[in-house]
Amino acid sequence: MAFTHGIIAFVTVLIIACPCALGLATPTAIMVGMGKGAENGILIKDANALDRAHLINAIILDKTGTITEGKPTVRIIQWQQTPTQELKNILYTIEKKSEHPLANAITNFLEKEAQTNPDIIIESITGKGVQANWEQTTYYIGSRNFAQDILGKIVDSTGTNAETEVFFCSTKELLATIYIHDKIKANAQQIIRQLKELNIETHLLTGDGQKTAESVANAIGILNYKGEVLPKDKNQYIKSLQEQGKIVGMVGDGINDSAALAQSDIGIAMVLGSDIAIDSAAVTITNSNLEKLPQLIHLSRLTSRTIKQNLFWAFVYNVIGIPLAAGILFPINGFLLNPMIAGACMALSSVSVISNSLLLKFKKI
């Protein structure tokens, strides 16, 4: 009889100790959380990103296409002298062949008065601009710093602080200044306020001038901002925050943001951005709406809480069940857990974990 009781207790303990519920606790919550994110326009490629997003305490935002609508328009091209048709064609051709987000705005502005010159070959200079050679003259298009490096002197402008300035010059002289406006997203200020309420620092980094960065940051309530930032500078900025113990999220959409997206703890790309930016990011926002940032944080918190609940119930089941299965009550009242009941309890524990994970689908983010 003792041997029989021992065998029953041994089999029952094996059944109770089966780690099914424990093994389902994390992956079921992650799968439901990723599905919930997809339903709300948040595509999550990396399960670790969903699990850690609620730990973010610093978010870095690019300007163009992230804080702004990503639909830049040229207000005016201010030529230094009355432009020849050839100069217009050169400017139009360079921008037509460029992959920069602002290039389309310039080509749209010039398309009725300029033509493409297929013989002009351009060369991209990362983080600064582009250059092209035509009839023994080298032309450059890019940022203020780029133009000043080429010309060796200070370049003035008459644009407003909120505008992006693009400079067109040759090796010898400034030819034109292009003023481009990109409207700030309507809900940007509200989203920055929500992120602050979540105790998340917000930072604005942009390749545009310092005045433009300051104007946009002040308009939406960002205290930390920096203009004239090269791609490598964004990487260094993120590293410096990480060295301070920050969990950093990076939001961007351009080719020049790809390295920063990869460097950050959680890279978040806008779907209208470049393919390389999307590929570098762990999360993609399908409608480029900033309101998805607080939703991502909230979804991550709900998912993390669900995982902890699942693990709690899985452990409690084992902590209570294994002593009963081993016959802890047998010397007291002769109770010995039936292996069939143990099997039912094991299945019930797995069902409870899955059911708790599925509740995520009905929670608001």
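This briefing covers the overall architecture, the aromatic pairs and the salt bridges of one protein chain. The model is predicted. The chain has 365 residues, of which 47% are buried, and its secondary structure amounts to 15 helices and 13 strands. A search of the whole structure yields four aromatic pairs, and seven salt bridges are also present.

**Overall architecture**

- Of the contacts in the chain with a separation of 6 or more, 63% are between residues 24 or more positions apart.
- The exposed surface of the chain comes to about 18100 Å², and carbon and sulfur atoms contribute 56% of that area.

**Aromatic pairs**

- Among the four aromatic pairs is that of Trp-79 and Phe-168, whose ring centres lie 6.2 Å apart.
- The planes of Trp-79 and Phe-168 stand at 80 degrees, so this pair is edge-to-face; the cut-off for that class is over 60 degrees.
- Trp-79 belongs to strand β3 (residues 73-79) and Phe-168 to strand β7 (residues 164-170), so the pair links distant parts of the chain, 89 residues apart.
- Trp-79 and Phe-168 are both buried.
- Phe-312 and Trp-313 form another edge-to-face pair, with 5.1 Å from centre to centre and 75 degrees between the planes.
- Phe-312 has a relative accessible area of 47% and is therefore partly exposed, whereas Trp-313, at 52% relative accessibility, counts as exposed; the boundary between the two classes is 50%.
- Trp-79 and Phe-168 also belong to a cluster with Tyr-139, linked by ring pairs.

**Salt bridge between Glu-113 and Lys-88**

- Glu-113 and Lys-88 form a salt bridge in which the closest N and O atoms are 2.8 Å apart.
- Glu-113 sits in the loop between α6 (103-110) and β4 (121-125), while Lys-88 is part of helix α5 (residues 85-97), so the bridge ties together parts of the chain that are 25 residues apart in sequence.
- Glu-113 is partly exposed because its relative accessibility is 35%, whereas Lys-88 counts as buried at 16%.

**Salt bridge between Arg-144 and Glu-165**

- Arg-144 pairs with Glu-165 in a salt bridge, with 2.5 Å between the closest N and O atoms.
- This bridge links distant parts of the chain, 21 residues apart: Arg-144 lies in helix α7 (residues 144-151) and Glu-165 in strand β7.
- Both partners, Arg-144 and Glu-165, are buried.
- Strand β7 thus appears in two of the pairs described here, through Glu-165 in the salt bridge and through Phe-168 in the aromatic pair with Trp-79.

**Salt bridge between Glu-201 and Lys-246**

- A salt bridge joins Glu-201 to Lys-246, and its closest N and O atoms are 2.9 Å apart.
- Glu-201 is in strand β9 (residues 201-205) and Lys-246 is in the loop between α10 (231-243) and β11 (248-252); the pair links distant parts of the chain, 45 residues apart.
- Glu-201 has 31% relative accessibility and therefore counts as partly exposed.

**Salt-bridge network**

- Asp-62, Lys-234 and Asp-257 are joined into one network by salt bridges that share partners.

Methods: Residues are numbered from 1 along each chain as its sequence is written. This is a predicted model: local features need pLDDT of at least 70, side-chain atom pairs count only at pLDDT 80 or more; totals for chains, interfaces and linings use all residues. Side-chain values use heavy atoms; hydrogens and water are left out. Rings of Phe, Tyr and Trp (its six-membered ring) pair if their centres lie within 6.5 Å; planes under 30 degrees apart count as stacked, over 60 as edge-to-face and the rest as tilted. Helices (H or I, at least four residues) and strands (E, at least two) are DSSP runs, numbered from the N terminus. Buried means under 20% relative accessible area, exposed over 50%, partly exposed in between (1.4 Å probe, protein chains only). Contact means heavy atoms within 4.5 Å. Accessible areas come from the Shrake-Rupley method with a 1.4 Å probe; for residues, only the protein chains shown count as cover. A salt bridge is a side-chain nitrogen of Lys or Arg within 4 Å of a carboxyl oxygen of Asp or Glu.
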